[in-house]
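Thank you all for coming; I would like to take a few minutes to walk through one structure with you. Please have the sequence and the model open as I speak.

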Amino acid sequence: MNDIRRTILWVIFGFSLVMLWDQWQVYNGHKATFLPSRSAATAEGPAPVAPVAGASGTGAELPAAAGAANSAGVPTQAGAAAPAGELVTVSTDVFKAVIDSRGGTITRLELSQFLDSTNHHGLVEKVRSLIGLPNPLNEVKPVLLMEDDSPATRYLAQTGLINPETKGAYFPNHTTPMTVQAGPRSLADGQDTMEVSFASEPVGGLKYIKTYVFKRGDYSIQVKHQVVNTTSQPLDAQLYLQLLRHGTVPSSTMFGTNTFTGPAFYTEEKKFHKVAFSDITKDKVELPPPATNGWVAMVQHYFVSAWLLNTPDAAGIKRQFRVKDLGNNLYSAAMVLDLPKLAPGASETVTSDLYAGPEEEKKLEVLAPGLELVKDYGIFAIISKPLYWLLSKLHGMIGNWGWAIVALVVLLKAAFYWLNAKAYASMAKMKGLSPKITEMRARLKDKPQEMQQEMMRIYREEKVNPMGGCFPILIQIPVFMGLYWVLLSSVEMRHAPWILWIHDLSAPDPWFILPVIMTATSLLQTWLNPTPPDPMQARLMWIMPLVFSVMFIFFPAGLVLYWITNNALSILQQWFINKRLGVLGK
């Protein structure tokens, strides 16, 4: 049993060193050595062009990003944007958008109520902040979700029409010049909605009118698509709703983890389905089959954009799902709708919603089935999701995410009180037996087999489980990892303050105070634990808290707060049990 404990300690110690070195590499701007991001391959530059995946049915291909034209007259080159038309700037209380009249495409979308700060936490900057001087290296600006400044950062929501008979040509699409209709460009006081319309000239016999409806306090932009047949012949057409994004993903965080970045689809048959950029490049994508329901989204850390069809005029419309590698590290994901045959002079209107905003579970789950699943909890979803639910309930009562984490730990400690109490009682007995075992080891140091038998006899007679002290750690680890993913993926905790110097629970403590407190509590807990009879194990038990303290420098402050609270409550419980059994200070 002693050998098993020693092996476990060495494994934990070795793994800790591996994680510490790996995170130190990432912290200094290098690639992770042992735990690279699972999507790193997509972040290194342009990817080769892959064919359209899942384009069964009509066989029609989507117009790709704006640029040069192919033999059918459809733009396909993603590396260069088409010449801009008139740029219309629209402002609401949650958005600042720029819409290009060429295709009526949103080319820039700022989320006004979410700030994106670039902070430099060097010693000089900390001192300037402490004495109240401004830090010129800190830049705070609204989160920029969509933009068209360069292929490296391009992210657009595009729509247009496809002629299924000519594979995309001769109908208005996202490169077609359109005329801006007169109207307001910002929400006035007392105004709850605002419409901005764009109309094309007839192309291939069809006129396309796109109307954006912005609503106060709403991240869902209603988009009305009116298609008019200006010919004397009936025409078939398809409407595509497309999201185009660069394929660069963030570098890996602690443990080599990262929230998912890339396209996602949902249908009632296939349910929620993520698609990695690398799979699109390799043409290894399994897309949902055509359906009369579902949505397409582009997911990233904290924020998502999604094309939804929630209105009665879109109910029952058959839709196909497609992805494509456009080259230059650009990818598209689209939903293609089969429109009813248009009689001469007739028009058809389909209303969609473009959600572009934060991944707030409560809001997403009421917008469309399965949309809340874009919030990525990784492999710990089964633990993280109920943890987030409980945290959100506590936050609703307390009003502060930091104190909600403290309350969560109190509830978890209460739930596992008796199990932990048995473990701590076993550890207390082990602490009381420590002098006896030390004397026995010294007496039988030249007889290892007899020493092992004598040690097991003592454990049996005293009814002590030498592995009992491992149970509290085993309980903590899943909860710890689950909470790590909650803090990593929850936009609600992004820039959420706790007290004093902790202004962002999802970021590391800028002054390293919490890691120092965590180290102190861990060392106190080690002192309360029984001293291993093996001198090497004893030294290792004191070294491990110091190693973990360095690792915790890189952890989110909310996670360190969780560990400190758990340590503090464990110390109180262990101290009480040690005192009751009369082994305190031994």
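**Strands, cores and charged pairs**

Let me begin at one pair of residues, where Ala 199 stands opposite Ile 209 in strand S9. Before going further I should say that this is a predicted model, and I will try to keep that in view as we go.

Strand S9 covers residues 206–215, and 8 of its 10 residues are buried. On one side, strand S8, residues 193–200, runs antiparallel to S9 and is joined to S9 by 7 bridges. The hairpin of S8 and S9 has 5 residues between the strands, and within that hairpin Gly 204 takes a positive phi near 65°. S9 also pairs with S10 in the antiparallel sense, here over 8 bridges, and Tyr 212 stands opposite Val 223 in S10. These two strands, S9 and S10, likewise form a hairpin, with 4 residues between them, and in the turn Gly 217 has a positive phi of about 70°.

From there we can turn to the interior. Which residues touch the most other members of the largest nonpolar core? They are Phe 214 and Trp 307, in a core that counts 77 residues. If we leave aside the neighbours of Phe 214 within four places in sequence, Phe 214 is in contact with Val 90, Thr 92, Phe 95, Ile 99, Asp 192, Thr 193, Met 194, Val 196 and Ile 221. There is also a second, separate core of 39 residues, which includes Leu 394, Phe 480, Met 493 and Val 560. As background, nonpolar side chains in soluble globular proteins tend to be buried together.

Nonpolar side chains also appear at the surface of this model, where Met 397, Ile 398 and Trp 403 make a nonpolar patch of about 340 Å². Of these, Ile 398 is in helix H5, residues 381–398, and Ile 398 counts as partly exposed because its relative accessibility is 41%.

Now to a second strand, S17, which is mostly covered, with 8 of its 9 residues buried. S11 and S17 run antiparallel and are joined by 9 bridges, and in this region Gln 238 stands opposite Asp 338 in S17. Strand S16, residues 319–327, also runs antiparallel to S17, joined by 8 bridges, and Phe 321 has Met 335 in S17 as its bridge partner. The hairpin of S16 and S17 has 2 residues between the strands, and there Asn 328 takes a positive phi near 55°.

That brings me to backbone angles elsewhere. Most residues other than glycine have a negative phi. Lys 271, which is not a glycine, nevertheless has a positive phi near 65°; this residue lies in strand S13, residues 271–274, and is partly exposed at 43% relative accessibility. Tyr 302 is another non-glycine residue with a positive phi, about 80°, and its place is in the loop between strand S14 (295–299) and strand S15 (303–308). Is Tyr 302 buried or exposed? Tyr 302 counts as buried, because its relative accessibility is 10%, and the cut-off for buried is under 20%.

Finally, the charged pairs, of which the structure holds 12 as salt bridges. In one of them the side chains of Lys 341 and Asp 236 meet at 2.8 Å, N to O. Lys 341 lies in the loop between S17 and S18, and Asp 236 in the loop between S10 and S11, so this pair ties together parts that are 105 residues apart in sequence. Lys 341 is exposed, with a relative accessible area of 52%, whereas Asp 236 is partly exposed at 28%.

Another salt bridge joins the side chains of Lys 385 and Glu 361, at 3.0 Å from N to O. Because Lys 385 lies in helix H5 and Glu 361 in helix H4, residues 361–367, the pair ties together parts that are 24 residues apart in sequence. Lys 385 counts as partly exposed at 33% relative accessibility, while Glu 361 is buried, with a relative accessible area of 7%. Salt bridges that share partners join Glu 361, Lys 375, Lys 385 and Glu 492 into one network. With that network on the screen, I will stop and take your questions.

Terms used: Residues numbered from 1 in each chain as written. Heavy atoms only, no water. Core = buried A, V, L, I, M, F, W, Y, C linked by side-chain atoms within 4.5 Å. Buried < 20%, exposed > 50% of the residue type's maximum accessible area, 1.4 Å probe, protein only. Contact = heavy atoms within 4.5 Å. Patch = residues over 30% accessible without salt bridge, like charges linked within 9 Å, V, L, I, M, F, W, Y side chains within 5 Å. Areas by Shrake-Rupley, 256 points an atom, 1.4 Å probe, with all protein chains shown as cover. Salt bridge = Lys/Arg side-chain N within 4 Å of Asp/Glu carboxyl O. Pairing = 2+ DSSP bridges.
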